[in-house]
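Colleague: I am new to this structure and would love a close look at one part of it. Could you walk me through the place where the two chains come together, and then show me what lies around it?

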Number of protein chains: 2
Amino acid sequence: MRMSKFWSRTAIEANPYVPGEQPYEVDIVKLNTNENPYPPSPKALEAMKQMVNSDLRKYPTPTVNSLKNVIADRESVNYEQVFVGNGSDEVLAFAFQTFFEPNEAIKFPDITYSFYPVYAKLYKIPYQEVPLQEDFTIDVEGMKRSTGGVIFPNPNAPTGIALPIESIEEILQGNSNNVVIIDEAYVEFGAESAVQLVDYYPNLLITKTLSKSHALAGIRVGYAIGHVKLIEGIERVKNSFNSYTMDRISIKGAEAALRDEAYYANVLDQVVKTRSWVKESLKELGFLVLNSNANFVFVQPVGIEASVLYRMMKKEGIYLRYFNKPNLDSYIRITIGTNEEMEELVRKVERVLNQQIN
Amino acid sequence: MRMSKFWSRTAIEANPYVPGEQPYEVDIVKLNTNENPYPPSPKALEAMKQMVNSDLRKYPTPTVNSLKNVIADRESVNYEQVFVGNGSDEVLAFAFQTFFEPNEAIKFPDITYSFYPVYAKLYKIPYQEVPLQEDFTIDVEGMKRSTGGVIFPNPNAPTGIALPIESIEEILQGNSNNVVIIDEAYVEFGAESAVQLVDYYPNLLITKTLSKSHALAGIRVGYAIGHVKLIEGIERVKNSFNSYTMDRISIKGAEAALRDEAYYANVLDQVVKTRSWVKESLKELGFLVLNSNANFVFVQPVGIEASVLYRMMKKEGIYLRYFNKPNLDSYIRITIGTNEEMEELVRKVERVLNQQIN
């Protein structure tokens with residue numbers, strides 16, 4: 001990186017996140033960014049088409065109360081306990097800025113969503129990475145007594161392992177003077193949500209996204225649930241940044257999607273079923289397969305280097321996610337696609353393994 | 001405001017922007033948020049409808065090169081000189097964070113877009129407000145020799161008065177060690193763009209929006225043009241905040257809109273024509289009317305308090321923008337609507353003035 005004399009210290013010290021590739025080719029099996037393999041609800045698509053009209057000349061409502069009400073209904077909270085944003089990445093960025101402070105170290109697991117250290121750098125928040133336990137679960141004891149706050153995903157990424165609600169309560173009680181952010185991007189695929197705890201813990205903020213569970217990564221909608229005063233704080237920061245972070249079409253699409261519970265119950269069920277046999281198939285190939293509750297599996301190949309498998313699968317037209325980082329570089333993250341896609345994956349992995357042996 | 005012990009200093013010290021009202025009622029004449037009264041290009045609407053399909057399950061491309069290429073074509077620059085974001089408010093927020101530094105005061109006019117001091121508070125950037133000259137134009141001499149950088153809109157808001165390109169060059173030359181941001185939100189309505197200068201001034205960043213000129217406030221698209229290294233800097237900050245700030249539908253809509261130059265030439269022409277007679281009509285009523293090159297006029301009513309006129313028009317179903325702030329509180333900002341809307345406005349203002357006199 002060649003710097004510029006015009007960059008601020010923030011820009012110079014930033015360590016931007018690198019998302020998984022979004023190839024333009026259409027004949028690729030994309031198992032690298034945890035997208036849902038099924039289409040969004042037809043009702044959501046219809047609602048968005050209806051919104052494509054001359055009203056787009058006007059700004060959205062900056063408060064987005066209509067969407068907040070739909071979310072409040074779904075989550076059994078008050079709409080004033082809801083914040084909405086342009087994807088949960090944006091919601092998390094605002095939350096870092098609202099609740100974490102320079103000079104007060106926050107805690108997150110050492111193996112986790114790799115955007116957290118990026119936000120911390122951007123906002124100059126020091127952090128302590130708490131090592132996972134030997135079984136790859138989050139160290140509950142280690143997450144207590146933070147100076148500046150706590151953040152972790154549940155299920156964790158990229159392990160996919162979920163923490164039971166009792167452990168979450170322990171972490172909340174062990175950080176009563178600081179905000180604990182639980183990033184539930186993958187919770188709908190089989191973990192227990194901590195939203196049931198918001199009325200008991202004023203230091204609890206939960207973030208969710210429609211990208212994965214609702215097959216709507218393309219319209220960028222995320223939200224947060226928490227105590228009214230936490231939400232008010234994030235609103236203050238958001239309204240100092242951009243009055244209208246959400247567009248009219250995404251708002252309508254999100255509302256219709258969240259209302260179509262029957263459709264998504266079916267989609268989630270299908271992903272969970274596919275995940276189940278994919279885990280078994282990869283174990284049969286000798287891989288170490290962590291017990292994921294998310295829409296991906298995190299596996300350690302045996303008989304082949306993870307980086308080699310990643311490259312060979314890419315040549316075969318299957319994109320997986322490989323993290324070239326300490327602790328992670330012997331693993332591969334595989335998004336759960338359709339049954340057909342996963343059958344192709346297992347078949348091709350098997351073939352590659354056989355070639356390695358011979 | 002009752003604070004929370006969980007808020008960061010940033011959240012506590014924030015002074016959020018308050019945008020113009022977005023009433024839900026449909027029978028209102030909305031002249032308060034500088035929206036375009038005409039619908040977006042039919043080609044843009046069609047492109048967005050086409051994009052509402054099952055591909056929305058996938059993330060957008062984080063680089064958004066397809067849209068950058070369309071903008072580069074239009075502005076006669078390279079696509080690497082283009083940054084795109086979720087409305088120009090977001091683009092400006094990133095630019096503040098990328099180019100301005102705590103402890104180094106930036107300069108902007110004392111009468112200007114009221115979001116600038118909000119960003120400055122959010123990022124802890126000190127600022128010096130340079131008073132406008134007596135004729136309400138920006139004080140070119142006063143904008144030179146900043147410590148930390150410069151930002152101003154051209155045309156200025158809410159005066160609508162444009163600065164000639166020679167004055168902009170003077171300001172650029174007078175700040176060669178700092179970035180000068182020119183916010184051209186309203187430039188398409190009749191001012192000269194400084195994009196022609198980007199290859200000569202590595203310290204020049206220009207921001208634009210599709211909200212007003214392209215009647216697309218509802219889909220949130222803004223962009224910046226500048227030297228490759230300035231764009232690289234903003235990308236670093238953006239990619240530390242949210243990998244995908246723009247959604248798939250907005251990207252497609254923006255591309256189609258920017259390509260439909262014939263449609264928008266006609267729309268802009270119509271707004272300029274309407275502005276011309278509205279200025280004359282309000283002058284005939286005795287109002288002081290600044291010489292706006294934007295899609296609004298900034299007027300000082302005579303024979304009635306600005307705040308009273310604002311309230312009376314609201315009762316009549318016409319929303320205008322009133323700023324209850326020193327220097328601004330004797331003025332009203334009126335967005336240029338359709339001819340019919342503006343005829344109704346002038347008629348109702350006239351009636352209210354007559355009632356005041358009698």
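Colleague: To start with, which residue of chain A comes closest to the rotation axis?

Modeller: Happy to help, and please keep in mind that this is a predicted model. The residue you are asking about is A:Lys49, whose C-alpha lies at 2.8 Å from the rotation axis. Chain A can be superposed on chain B by a rotation of 180° with 0.0 Å of shift along the axis, and the RMSD is 0.0 Å. This is the relation of a two-fold axis. Both copies use the same surface, since 100% of the contact residues of chain A recur in chain B.

Now for the interface itself. On each side 89 residues take part: 89 of chain A are in contact with 89 of chain B. The area buried between the two chains is about 7,400 Å², and carbon and sulfur atoms give 56% of that. Polar links are there too, with 40 residue pairs in polar contact across the interface of chain A and chain B. The rule also finds two salt bridges across this interface. One of them joins the side chains of B:Arg9 and A:Glu101, at 3.6 Å from N to O. As for helices, H1 (9-13), H2 (42-51), H4, H5 (116-122), H7 (228-238) and H8 (248-259) of chain A each supply at least two residues of the side that touches chain B. Among the contributors, H4(A) gives the most, with seven residues.

Helix H4 also leads us into the body of the chain. Chain A has an open sheet of seven strands with mixed pairing, in the order E2-E8-E7-E6-E5-E3-E4. Its edge strands are E2 (82-85) and E4 (127-130) of chain A, each of which pairs on one side only. On average, neighbouring strands of this sheet are turned by 20° against each other, direction ignored. Helix H4 (residues 88-99) of chain A packs on this sheet, where it touches E2, E3 (106-109), E5, E6, E7 (204-209) and E8 (222-226). The direction of H4(A) makes about 160° with that of E7(A). Within the sheet, strand E5 (residues 149-153) and strand E6 (residues 180-183) of chain A pair in the parallel sense over four bridges. There you can find A:Ile151 opposite A:Ile181 in E6(A).

If you follow the chain on from E5, there is a detail worth a look. A cis peptide bond joins A:Asn154 and A:Pro155, with omega about -5°. A:Pro155 belongs to the loop between E5 and helix H6 (165-173) of chain A. In chain B, the bond from B:Ala157 to B:Pro158 is cis, with omega near -5°, and B:Pro158 lies in the loop between strand E5 (149-153) and helix H6 (165-173) of chain B. Most peptide bonds are trans.

Chain A also has an open sheet of three strands, antiparallel and in the order E9-E10-E12. Strands E9 (288-289) and E12 (332-335) of chain A stand at its edges with a single partner strand each, so one side of each has no neighbour in the sheet. Strand E10 (residues 296-300) of chain A pairs with E12(A) over four bridges in the antiparallel sense, and A:Val297 has A:Ile334 as its bridge partner in E12(A). Helix H9 (residues 261-284) of chain A packs on this sheet and touches E9, E10 and E12, its direction making about 10° with that of E10(A).

Conventions. Residues numbered from 1 in each chain as written. Chains lettered and ligands numbered in written order. Predicted model: local features only at pLDDT ≥ 70, side-chain atom pairs only at ≥ 80, totals over all residues. Heavy atoms only, no water. Least-squares fit on C-alpha atoms with pLDDT ≥ 70 in both. Contact = heavy atoms within 4.5 Å. Pairing = 2+ DSSP bridges. Axes fitted to C-alpha atoms, helices over the stretch in contact; angles between N-to-C directions. Buried area = accessible area lost by both parts, 1.4 Å probe. Salt bridge = Lys/Arg side-chain N within 4 Å of Asp/Glu carboxyl O. Polar contact = N/O pair within 3.5 Å; in protein donor to acceptor, adjacent residues only side chain to side chain.
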